[in-house]
Amino acid sequence: LGLTKNHGTYQKLMNFTSPAYNGPGVVGDISLVIREVMEERYPCRPSKITVGEVNDWLDVLVAIVKDRFGMTNTSESNESSLWKSMLEKEVGYGNMSGKEASVGQRKVTKQKQYSTLVAKLIEKNLSSLEHKWIVRIILQKIEIGIGFRSIFGYIDPYAQELYDSFNNLKELCKRLSDPVYKKLFR
């Protein structure tokens with residue numbers, strides 16, 4: 001983003017938990033602070049990124065985090081999208097060794113890989129709302145304002161009881177989609 005350490009936006013991002021830098025509605029939630037910053041810097045505009053591209057981006061991010069470069073699965077690489085292949089090439093896919101990757105003649109650190117990956121995502125011209133949700137996905141902090149009990153109640157009146165007995169969402173869906181089981185349960 002090209003911010004200096006004295007820049008107000010930099011301070012806002014670095015001190016996202018401080019009420020001195022952020023308003024009461026966003027303090028403590030980095031995704032909301034990022035959304036606010038992106039709204040200020042890039043007014044609302046629709047992006048053309050697909051869910052598949054976001055998934056590819058997240059796959060490459062996970063590969064960097066878990067040092068999976070160099071451990072390619074041939075079935076995965078055959079299904080790789082063009083954008084995912086480009087991302088992998090840009091961040092040094094297949095050349096990973098420890099904390100550094102060799103791209104061409106230069107050494108690339110994980111920090112550089114993260115920066116490259118974020119820059120590629122920013123190039124997709126995401127809206128501030130999309131930035132917020134990507135941050136929440138990465139942090140595994142998806143809050144939609146409605147609990148699982150409400151969702152289960154909408155699906156089936158007995159869904160909560162079934163889930164409590166199995167504690168397995170896949171099994172719950174399997175049983176609720178079976179018409180014979182549903183007749184027996186009612």
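# A tour of a predicted helical chain

Asparagine 167 is found in the loop between helix H9 (159–166) and helix H10 (169–176). Its backbone has a positive phi of about 55°, although asparagine 167 is not a glycine. The residue is also exposed, because its relative accessible area of 58% lies over the 50% cut-off.

The two helices on either side of this loop also pack. The axes of H9 and H10 come within 9 Å and cross at roughly 135°. That angle makes H9 oblique to H10. The crossing of the two, H9 and H10, is right-handed.

## The whole chain

The model is predicted. The protein chain has 186 residues, and 31% of them count as buried. Its secondary structure comes to 11 helices and three strands. What order do they follow along the sequence? The pattern reads α-α-α-α-α-β-β-β-α-α-α-α-α-α.

## A second asparagine

Asparagine 125 also has a positive phi of about 55°, and it is not a glycine. This residue sits in the loop between helix H6 (110–122) and H7. Is asparagine 125 buried, partly exposed or exposed? It is partly exposed, because its relative accessible area is 37%, between the cut-offs of 20% and 50%.

## Salt bridges

Side chains of opposite charge can pair when their charged atoms come close. How many salt bridges does a search of the whole structure find? The search finds six.

One of them joins lysine 12 and glutamate 40, at 3.1 Å from N to O. Lysine 12 belongs to helix H1 (residues 8–14) and glutamate 40 to helix H2 (residues 30–41), so this pair links distant parts of the chain, 28 residues apart. Lysine 12 is buried, because its relative accessible area of 11% is under the 20% cut-off. Its partner, glutamate 40, is partly exposed at 49%. The bridge does not stand alone: Lys12, Glu36 and Glu40 are linked in a network of salt bridges.

Another bridge brings together the side chains of aspartate 29 and arginine 136, at 2.9 Å from N to O. Aspartate 29 lies in the loop between H1 and H2, and arginine 136 lies in helix H7, so the pair ties together parts 107 residues apart in sequence. Are these two residues buried or exposed? Both aspartate 29 and arginine 136 are buried.

A further bridge pairs glutamate 53 with lysine 124, at 3.0 Å from N to O. Here glutamate 53 comes from helix H3 (residues 51–65) and lysine 124 from the loop between H6 and H7. Distant parts of the chain are linked again, 71 residues apart. Glutamate 53 is buried, because its relative accessible area of 17% is under 20%. Lysine 124, at 22%, counts as partly exposed.

## Helices H3 and H7

How do H3 and H7 pack? Their axes are 12 Å apart, and the angle between them is about 40°. That makes H3 oblique to H7. The crossing of H3 and H7 is right-handed.

## A nonpolar patch

Helix H7 (residues 128–139) also holds isoleucine 137. This residue counts as partly exposed at 34% relative accessibility. Which residues join Ile137 in a nonpolar surface patch? They are Ile142, Ile144, Ile146, Ile151, Tyr154 and Ile155. Together with Ile137, they make a patch of about 730 Å². Helix H8 (residues 148–155) gives the largest share of the patch, with three residues.

## Exposure side by side

The table gathers relative accessible areas for residues met above.

| Residue | Relative accessible area | Class |
|---|---|---|
| Lysine 12 | 11% | buried |
| Glutamate 53 | 17% | buried |
| Lysine 124 | 22% | partly exposed |
| Isoleucine 137 | 34% | partly exposed |
| Asparagine 125 | 37% | partly exposed |
| Glutamate 40 | 49% | partly exposed |
| Asparagine 167 | 58% | exposed |

Methods
Residues are numbered from 1 along each chain as its sequence is written. This is a predicted model: local features need pLDDT of at least 70, side-chain atom pairs count only at pLDDT 80 or more; totals for chains, interfaces and linings use all residues. Side-chain values use heavy atoms; hydrogens and water are left out. Patches are made of residues with over 30% relative accessible area and no salt bridge: like charges are joined within 9 Å, nonpolar side chains (Val, Leu, Ile, Met, Phe, Trp, Tyr) within 5 Å. Accessible areas come from the Shrake-Rupley method with a 1.4 Å probe; for residues, only the protein chains shown count as cover. A salt bridge is a side-chain nitrogen of Lys or Arg within 4 Å of a carboxyl oxygen of Asp or Glu. Helices (H or I, at least four residues) and strands (E, at least two) are DSSP runs, numbered from the N terminus. Buried means under 20% relative accessible area, exposed over 50%, partly exposed in between (1.4 Å probe, protein chains only). Axes are lines fitted to C-alpha atoms, for helices over the stretch in contact, and angles run from 0 to 180 degrees between N-to-C directions. Angles under 35 degrees count as roughly parallel, over 145 as roughly antiparallel, 65 to 115 as roughly perpendicular and the rest as oblique. A crossing is left-handed if the near helix is turned anticlockwise from the far one by less than a right angle, and right-handed if clockwise.
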